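Visitor: I'd like to understand the words people use for a structure like this. Could you walk me through it?

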Amino acid sequence: MFDSFLSHSMMKRAIEKKLVRISARSLRDFTRDRHKSCDDKPFGGGPGMLMKPEPIFEAVEELWGRIPAPAGGGSASGGKKTVHFAKRRRFIYMTPQGVPFDQRKAEDLSRSRHLVFLCGRYEGVDQRVVDRLVTDEISIGDYVLTGGEVPAMVVIDAVVRLLKGVMGSEASKSFESFSHNLLEYPQYTRPATYRGMRVPQVLLSGNHREIERWRKEEAVQRTLKRRPDILKKQESRQCTP
Ligand code: ADE
């Protein structure tokens with residue numbers, strides 16, 4: 001799944017320019033049984049299968065070294081502490097139970113040095129993995145996909161394009177939706193008339209103040225109509241003392 005994603009467009013260029021290194025690993029490589037099983041039935045019964053803890057802990061240990069045993073004997077509830085990995089390392093579990101992903105989170109992750117994405121499959125993962133290893137649980141939206149691979153690619157794309165040197169123009173990035181808490185205004189290119197549809201006159205006027213005003217108004221109207229929640233969030237932030 002990742003080969004195609006990593007070999008095109010922005011991601012390909014970022015890798016070729018050595019601005020980022022990305023590798024995908026299969027948890028099956030960290031199993032010890034004949035069937036290379038990564039899942040098992042949940043204790044207490046219930047539908048579906050869960051991801052087993054052992055391949056995940058061993059994969060993390062291969063990357064980041066030995067994980068210390070939990071303090072206090074290590075009962076599941078007593079050991080409820082994420083391992084303190086070296087600073088700027090994150091272990092991200094992609095799950096519909098996670099915190100909704102947004103541009104702010106992308107910016108936060110782009111400042112970390114090493115990200116590992118655990119792509120969930122089946123009904124979920126043994127809770128000890130979450131308690132002990134996971135630093136972030138992220139959802140890309142209120143819907144359920146068959147696995148965390150596509151969600152991980154969504155997050156990786158949003159993060160990598162923020163890395164210095166990846167995108168052509170730094171200015172175009174910071175001007176985009178969400179950094180400004182507004183959706184983008186409509187844009188047009190040539191021809192000025194196409195199949196009877198004309199580009200708004202103001203954009204052809206050369207009057208930059210008027211163009212700026214028009215764009216701001218369009219962005220606000222579009223945001224009000226499609227995403228009033230964004231404007232409300234902004235309002236309540238401004239009202240907080
Ligand atoms: N895995 C399955 N569905 C998901 C979602 N909506 N977000 C993140 N990971 C997922």
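Visitor: How far from a nitrogen atom of the ligand does a backbone N or O atom of Tyr 143 lie?

Guide: The distance is 2.8 Å. A polar contact is a pair of N or O atoms within 3.5 Å (within protein, one must be able to donate a hydrogen and the other to accept it, and residues adjacent in sequence count only if both atoms are side-chain atoms). So the Tyr 143 pair counts as a polar contact. Thr 95 also has a backbone N or O atom 3.1 Å from a nitrogen atom of the ligand, and for Gly 141 the value is 3.1 Å. Taken alone, the ligand exposes 260 Å², and the protein buries 97% of that; such areas come from the Shrake-Rupley method with a 1.4 Å probe, where for residues only the protein chains shown count as cover.

One thing to keep in mind: this is a predicted model, where local features need pLDDT of at least 70 and side-chain atom pairs count only at pLDDT 80 or more, while totals for chains, interfaces and linings use all residues. Residues are numbered from 1 along each chain as its sequence is written, and side-chain values use heavy atoms, with hydrogens and water left out.

Visitor: Which residues surround the ligand?

Guide: Among them are Met 94, Ile 138, Val 144 and Pro 151. A residue is near a molecule or strand if one of its heavy atoms lies within 4 Å of it. The largest share of the shell, three residues, comes from E3. Strands are DSSP runs (E, at least two residues; helices are H or I, at least four), numbered from the N terminus.

Visitor: What is the make-up of the shell by class?

Guide: Eight residues are nonpolar, four are polar and none is charged. Ala, Val, Leu, Ile, Met, Phe, Trp, Tyr, Cys and Pro count as nonpolar, Asp, Glu, Lys and Arg as charged, and the others, Gly among them, as polar.

Visitor: Why are H2 and H6 called oblique to each other?

Guide: Helix H2 (residues 9-16) and helix H6 (residues 149-160) pack at about 60°. Angles under 35 degrees count as roughly parallel, over 145 as roughly antiparallel, 65 to 115 as roughly perpendicular and the rest as oblique. So the pair is oblique.

Visitor: Where is Ser 9, and what is its phi?

Guide: Ser 9 lies in helix H2, and its phi is near 55°, a positive value in a residue other than glycine.

How values were computed. Axes fitted to C-alpha atoms, helices over the stretch in contact; angles between N-to-C directions.
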